[in-house]
Amino acid sequence: MNFEYNVDVVVIGSGPAGYSSAFRCADLGLSTVLVERYSHVGGVCVNVGCIPSKAFLHIAKVIREANDLSRQGVFFNSPVIEIEKLRLWKEEKIKSISSNISLMAKRRNVEVVLGLGEFVTDSSIRIVSEKKISIVHFKYAIIAVGSKSIELPYLNYKNPKIWNSTRSLSMEYIPKRLLIIGGGIIGLEMATVYSAIGSHVEIVDSSQVTLPFLDKDIVSTYLNLSKKMFNYKSNTSILNVEDKDSFFVVTMKNREGKIYVNKYDNILSAVGRSPSVSKLNLDLLGIKLDKFGFIKVDNQQRTNIPHIFAIGDVVGKPMLAHKGIYEGHVAAEVISGKNVYFDPKVIPSVAYTDPEIAWVGVNEKEANKKNISYEMCVFPWIASGRAIVSNSSSGLTKLIFNKITKKIIGGIIIGNNAGELLSEITLAIEMGCDAEDIALTIHAHPTLSESICLASQIFQGSVTDVPNLKSKI
């Protein structure tokens, strides 16, 4: 059975970037079709990415917080994990979020078509599913197909015991010994989850520097805190993976030449993601890609074909849902005739590990590289009453100020709910706040958000909660 549509806009991909752009198009009066290759809308993020990973990270956080309470004399029984029940709970949450997206699409008269879409011409796409073939004729197209896991050539991904991030989130069982190849954010988040629910986890990363986009003091703090959760080997390469049916024998070598041979029940490959453009038939249209396979766009999200736009992971780093949502709004508004651009001052990032790490703007590395005259101020959470009574006193808030203008240009937080706290710093940078603006804003006490105010007071020389290095005494 074939279906045919004639619309103003077709959006390919219904992740956060895709559905946001489709709904914005509809709100601006444009007839819109939204295409999704999964059986439920929401894209990679909702179905097999952000949402399921954060669901399991929530479980991991609760388990660790319960364990921490034993120091205060509050004891719980050791957790008993019913893996099937946990997996079904995760699926219910995904379906709930997906259903809400579908409901919003229906209310906006956005037609959702499930299936794999590909360009037929520069004004039509074909969508193939098991039940039907649909043709959509469009005036404008927005590509929002997201990204996929990069595969390592020496791993057999047909083996059910070798996982990518998607498979690890299916939560079929809990391996006793889990090797994670790749120490980036995905690898660290999955290590946080599986170590909490009972796996012995080891991470191996070939990079010389752990989390190279962060300052050394933040990385050092995180690695010290994570030692109780998993083993981390940086600057270590995999030499051989031998499948013994019931387990894997993995040989690896570090930079000093030391050889390790260990056994693992499962291997999780978490070495990054690449754009999902291979099945779109972009060659037919001549849409230009960069050397890494990302679609090239201008600051209005246009490709080299003016009526075809691209947003989200498929246009390059940072590969973050919130960046894609912002881009999606820009693309929709440009199509509707508005003169808008993708031009944020900063884009926040969060690693939902334990503890969380959140950062935005310029860090010390970048400031030095760009020859910016800056001053770094750190407020340690050991001086925060709220942090002390909530077992999170090992965290810290670090702000970067331009020494000349006194404006805030960056910030990093490591600790409980760092991702939530970061928004104040992001807003301060976007609004051009200086240290005085933040330091003189009264923050509720006792809260973790006070640490942002107090770090600003350190810069101002008015802090009283820690020694004042700028005191005239």
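This is a walk through two sheets, a cavity, a pocket and a few unusual backbone spots in the structure above.

The model is predicted, so a few ground rules help: local features need pLDDT of at least 70, side-chain atom pairs count only at pLDDT 80 or more, and totals for chains, interfaces and linings use all residues. Residues are numbered from 1 along each chain as its sequence is written, and side-chain values use heavy atoms, with hydrogens and water left out.

Let us start with the sheets. Strands in a sheet pair through backbone hydrogen bonds, in either a parallel or an antiparallel way. Here helices (H or I, at least four residues) and strands (E, at least two) are DSSP runs numbered from the N terminus, and two strands pair if DSSP finds at least two bridges between them.

One open sheet has three antiparallel strands, in the order β12-β13-β14. Its edge strands are β12 (236–243) and β14 (259–264), each pairing on one side only. Neighbouring strands here are turned by 20 degrees against each other on average, direction ignored; axes are lines fitted to C-alpha atoms, for helices over the stretch in contact, and angles run from 0 to 180 degrees between N-to-C directions. If you follow β12 into β13 (residues 248–254), you will find seven bridges in the antiparallel sense. Among the partners, D243 stands opposite F248, and E242 has V249 as its bridge partner. The two strands form a hairpin with four residues between them, and D245 in that turn has a positive phi of about 70 degrees.

The other open sheet is built from five strands, ordered β18-β19-β22-β21-β20, with antiparallel pairing. Because β18 (349–351) and β20 (374–380) stand at the edges with a single partner strand each, one side of each is left without a neighbour in the sheet. In this sheet, neighbouring strands are turned by 10 degrees against each other on average, direction ignored. The edge strand β20 pairs with β21 (residues 396–402) over seven antiparallel bridges, and C377 faces L399 of β21. Helix α12 (residues 418–430) packs on the sheet, touching β18, β19 (356–361), β21 and β22 (408–415), and its direction makes about 175 degrees with that of β22. Contact here means heavy atoms within 4.5 Å.

Now for the spaces inside the protein. They are found on a 1 Å grid over the protein atoms alone: a cavity is a set of points where a 1.4 Å probe fits but cannot get out, while a pocket is an open set with protein on both sides within 12 Å along at least five of seven lines; lining residues have an atom within 4 Å of a point. Grid points are joined across faces, edges and corners, and a volume is the space filled by probe spheres set on the points.

The second largest pocket has a volume of about 600 Å³. Its lining counts 25 residues, with K61, E65, D354, P355 and N416 lying nearest the centre. Helix α3 (residues 50–68) gives the largest share of that lining, eight residues. By class, five of the lining residues are nonpolar, eleven polar and nine charged. In this scheme, Ala, Val, Leu, Ile, Met, Phe, Trp, Tyr, Cys and Pro count as nonpolar, Asp, Glu, Lys and Arg as charged, and the others, Gly among them, as polar.

There is one cavity of 30 Å³ or more. S149, S165, I186, S269, A270, V271, G272 and R273 line the largest cavity, giving three nonpolar, four polar and one charged residues. An unreviewed UniProt entry annotates G182, G183, G184, I185, I186, G187, L188, E189 and G272 as "binding site". These residues are spread over 91 residues of sequence, yet they cluster in space, with a largest C-alpha distance of 13.0 Å. Of the annotated residues, I186 and G272 are in the lining of the largest cavity. UniProt positions follow the numbering used here, feature names are shortened, and annotations may be inferred rather than shown by experiment.

Finally, look along the backbone. Most residues other than glycine have a negative phi, and most peptide bonds are trans. The bond from D354 to P355 is cis, with omega near 0 degrees, and P355 lies in the loop between β18 and β19. A cis bond also joins K317 to P318, with omega near -5 degrees. N281 has a positive phi of about 65 degrees although it is not a glycine.
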